[in-house]
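Work through the following exercises with the sequence and the coordinates at hand, and try each task before reading its solution.

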Amino acid sequence: MSNIIGITMGDPAGVGPEISVKAVAEMSADERARTRIYGNLATLEKAREALGVSLDLAEIVVDLPIEGGPLPWGKLDPRGGDAAFRFIEKAVRDAQAGKIGCIVTAPINKGALNLAGHHYDGHTGMLAALTGQKSAFMLLASDRLKVIHVSTHVSLKTAIDRATPERILATIRAGNDHLKRIGYDRPRIAVAGINPHCGESGLFGTEDDEQVVPAVAMAKAEGIDVVGPISADTVYHRAYTGAFDLVIAQYHDQGHIPIKLVAFDTAVNVSLGLPIDRTSVDHGTAFDIAGSGKANHVNMKSAIAYARRLVSGKTE
């Protein structure tokens, strides 16, 4: 299995090219030799010039064309959305072929992506489709808090409907397996409730009793160290202070808000349930500062470090 990571450049008009170049510029020669950027060389050179760094990009870039490129910074453009899709598609095919061990994605713009005719709710859905999976799971990982979501980019009403015992159980299994892979002998998992106070014995809804409780019971029967449902207004604090290794969030904001509060610049987005590995920054394209050299690449460095950890486990 390859120990090379592949960074997809993201939307050419956003900060993806800059944070990719910044991260690669700070790598050791050995790390750089084990890195590829899937993107457009002319755009990356433009980003390098904006940053004022000296770096030979030609040897590490998998160069793909952009219609009319390089595109202007900070402008929503379907050509950028199409290019971002093609960067990811090429990286996925190379990962499937064993040429790279993990994909690290820079941010895409969902508006540009959809204008280009690629109708996905984001990276996770796109990667599931490209690899032939029905769905995937989003894990947000930081040092002191890790969260995996039962659902993400759907309405709150749809999210509650999707939180079936089977889907919650599958989420618990995915999180448990991943934490074991990265070194946890017996991950301690907490499942957040759906309703305030987990429904308060039916006063605020019965979904927790009908959907969460059976899932937790099935996971326990499989030998997983899991408890829940636990009220969402306390479970994240308990996990952050060391009581749990992972929280199962029932929907997007329930998981994203706490992790972005405590680890906004360092949390890594990890896709689980796919036949390939992928990590990502957990921020957007920041069109307002693209091309200025101001973009912070700390999150990209965290995503790369997590990818190296996954690749190291594979190659061993």
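The exercises below concern a predicted model, and they go from the whole chain to single residues.

**Exercise 1. Overall form**

Task: Decide what radius of gyration the protein chain has, and how it stands beside the value for a compact globule.

Solution: Start from the length, since a compact globule with 316 residues would have a radius of gyration near 20 Å. The protein chain has 20 Å, and therefore agrees with that value. Next take the box along the principal axes, which the C-alpha atoms fill at roughly 60 × 40 × 35 Å. Then turn to the interior: 53% of the 316 residues count as buried, and residues 24 or more positions apart account for 74% of the contacts with a separation of 6 or more. The exposed surface comes to about 13,100 Å², of which carbon and sulfur atoms supply 51%. Within this form the chain holds twelve helices and eleven strands.

**Exercise 2. Two helices**

Task: Find how far helix 8 reaches from its first C-alpha to its last, and state which residues of helix 1 are buried.

Solution: Helix 8 covers residues 165–181, and its 17 residues reach 24 Å, close to the 24 Å expected at 1.5 Å a residue. Its buried residues include I168, L169, T171, I172 and L179. For the spacing of such positions, recall that an α-helix has 3.6 residues a turn, so residues three or four places apart point the same way. After helix 8 comes G183, whose phi is positive, near 120°. Helix 1, at residues 16–25, is mostly covered, with nine of its ten residues buried; these are G16, P17, E18, I19, S20, V21, K22, A23 and V24.

**Exercise 3. Three buried positions**

Task: Classify F137, D245 and T152 as buried or exposed, and list what each one touches beyond four places in sequence.

Solution: The cut-off needed here is that buried means under 20% relative accessible area.

1. F137 lies in strand 5, residues 137–141, and because its relative accessible area is 8%, F137 is buried. F137 touches I148, H149, R167, A170, T171, A174, V270, S271 and L272. Of these, T171 and A174 are among the buried residues of helix 8.
2. D245 is found in the loop between helix 10 (232–240) and strand 9 (246–249), and its 15% relative accessibility makes D245 count as buried. D245 touches K146, L179, Y184, R186, P187 and R188, and L179 is again one of the buried residues of helix 8.
3. T152 lies in the loop between strand 6 (146–149) and helix 7 (156–162), and with a relative accessible area of 16% T152 is buried. T152 touches M138 and H252.

**Exercise 4. Backbone exceptions**

Task: Locate the cis peptide bonds at P70 and P229, and the positive phi values of H197 and A286.

Solution: Begin with the background, which is that most residues other than glycine have a negative phi, and most peptide bonds are trans. The bond from G69 to P70 is cis, with omega near -5°, and P70 lies in the loop between strand 3 (61–63) and helix 4 (78–96). The bond from G228 to P229 is also cis, with omega near 0°, while P229 is found in strand 8 (residues 226–230). H197 has a phi near 55°, and sits in the loop between strand 7 (189–192) and helix 9 (207–221); its relative accessible area of 43% makes H197 partly exposed. A286 has a phi near 50° and lies in the loop between strand 11 (278–280) and helix 12 (298–315), where its 29% relative accessibility makes A286 count as partly exposed.

Technical notes. Residues are numbered from 1 along each chain as its sequence is written. This is a predicted model: local features need pLDDT of at least 70, side-chain atom pairs count only at pLDDT 80 or more; totals for chains, interfaces and linings use all residues. Side-chain values use heavy atoms; hydrogens and water are left out. Helices (H or I, at least four residues) and strands (E, at least two) are DSSP runs, numbered from the N terminus. The expected span of a helix is 1.5 Å times one less than its number of residues. Buried means under 20% relative accessible area, exposed over 50%, partly exposed in between (1.4 Å probe, protein chains only). The radius of gyration is taken over C-alpha atoms; the globule rule is 2.2 Å times the number of residues to the power 0.38. Contact means heavy atoms within 4.5 Å. Accessible areas come from the Shrake-Rupley method with a 1.4 Å probe; for residues, only the protein chains shown count as cover.
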